[in-house]
Amino acid sequence: NMNAIASQHGMPVLATGHNLDDEASRLLGNVLHWQDDYLDKQSPVLPNSHPKLVRKVKPLYRLAEREIAAWAVLQKIDYIVDECPNSVGSKMFVYKDALNRLEDAAPGTKHQFYFQFLDRQKARAQVSPLEPNLRECASCGQPSTAEICSYCKLVGTLQREAEPALKVLQ
């Protein structure tokens, strides 16, 4: 898990490559399922609200995937076009597709959706500061809002899906 590695190496900040498309699709999924815990911690800057958490920043959150890809092409920088192999079957692709269709019909939709959320979140935090209810993951000990962190859940899912194939190979 990236947080654990950053923490082990004494890095005070972890910068991720999440962009506007990622953040808007994540927001759409969280709103559709009313996942308040996730909505509360969706921000381009996340403080280190636990001794084992490093501060997280998303410096590309204002830029669309297409803008980043175009810049990389102009700079002759190779980049990976494929989606993350760990995201196979993720609903995020459905949300990204829906937002892309909305964006085609009404340019600026992604930006407006995400940035209006951030404005409302900032105003709400001024009235009542958002304090995440963190505990340590029962599996790896990293901070999490759930009993088992999302990283350990993902690893568990991948292991369960691989078991039938491993049995065949034995």
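1. The buried residues of helix H2 pack against four helices: H3 (36-40), H4 (65-74), H5 (92-105) and H6 (109-127). This note concerns a predicted model, and H2 is taken as the starting point for a reader new to the structure.

2. The general layout is as follows. The protein contains 7 helices and 5 strands, which follow one another along the sequence in the pattern α-β-α-α-β-β-α-α-α-β-β-α. The C-alpha trace spans about 55 × 45 × 35 Å along its principal axes. Of the 170 residues in the protein, 29% are buried. Among contacts with a separation of 6 or more, 61% are between residues 24 or more positions apart.

3. The length of H2 can be checked against its residue count. H2 covers residues 20-32, and at 1.5 Å a residue its 13 residues should span 18 Å; the C-alpha atoms at its ends are 18 Å apart, so the expected and modelled spans agree.

4. H2 is mostly covered, with 10 of its 13 residues buried. The first part of the buried set consists of Leu 20, Asp 21, Asp 22, Glu 23, Ala 24 and Ser 25, and the set also includes Leu 27, Leu 28, Gly 29 and Asn 30. As general background, an α-helix has 3.6 residues a turn, so residues three or four places apart point the same way.

5. Both ends of H2 deserve attention. At the start of the helix, a side-chain oxygen of Asn 19 comes to within 2.9 Å of the backbone nitrogen of Asp 21. Just after the helix, Trp 34 adopts a positive phi of about 45°.

6. H2 also takes part in a pocket. The second largest pocket holds about 190 Å³ of space. It is lined by 13 residues, and those closest to its centre are Asp 21, Ala 64, Arg 66, Asn 100 and Lys 110. The elements that contribute two or more residues to this lining are H2, H4, H5 and H6. H5 gives the most, with 5 residues. By class, the lining comprises 8 charged, 3 nonpolar and 2 polar residues. Asp 21 therefore appears in three settings: it is one of the buried residues of H2, its backbone nitrogen is approached by the side chain of Asn 19, and it is among the residues closest to the centre of the pocket.

7. Ahead of H2, Thr 16 lies in the loop between strand E1 (13-15) and H2. Is Thr 16 buried or exposed? Its relative accessibility is 12%, and because the limit for a buried residue is 20%, Thr 16 counts as buried. The side chains of Thr 16 and His 18 are joined by a polar contact of 2.7 Å. Leaving aside residues up to four places away in sequence, Thr 16 touches Met 2, Val 57, Lys 58 and Pro 59.

8. Pro 12 is found in the loop between helix H1 (2-8) and E1. Its relative accessible area is 61%, and Pro 12 is therefore exposed, since the class begins over 50%. When residues up to four places away in sequence are not counted, Pro 12 touches Val 54 and Arg 55. Pro 12 and Ala 106 are 94 residues apart in sequence, and their C-alpha atoms are 39 Å apart in space.

Notes: Residues numbered from 1 in each chain as written. Predicted model: local features only at pLDDT ≥ 70, side-chain atom pairs only at ≥ 80, totals over all residues. Heavy atoms only, no water. Expected span 1.5 Å × (residues − 1). Buried < 20%, exposed > 50% of the residue type's maximum accessible area, 1.4 Å probe, protein only. Contact = heavy atoms within 4.5 Å. Polar contact = N/O pair within 3.5 Å; in protein donor to acceptor, adjacent residues only side chain to side chain. 1 Å grid on protein atoms, 1.4 Å probe; cavity = no way out; pocket = protein on both sides within 12 Å on 5 of 7 lines; lining within 4 Å. Points joined across faces, edges and corners; volume = space filled by probe spheres on them. Nonpolar A, V, L, I, M, F, W, Y, C, P; charged D, E, K, R; others polar.
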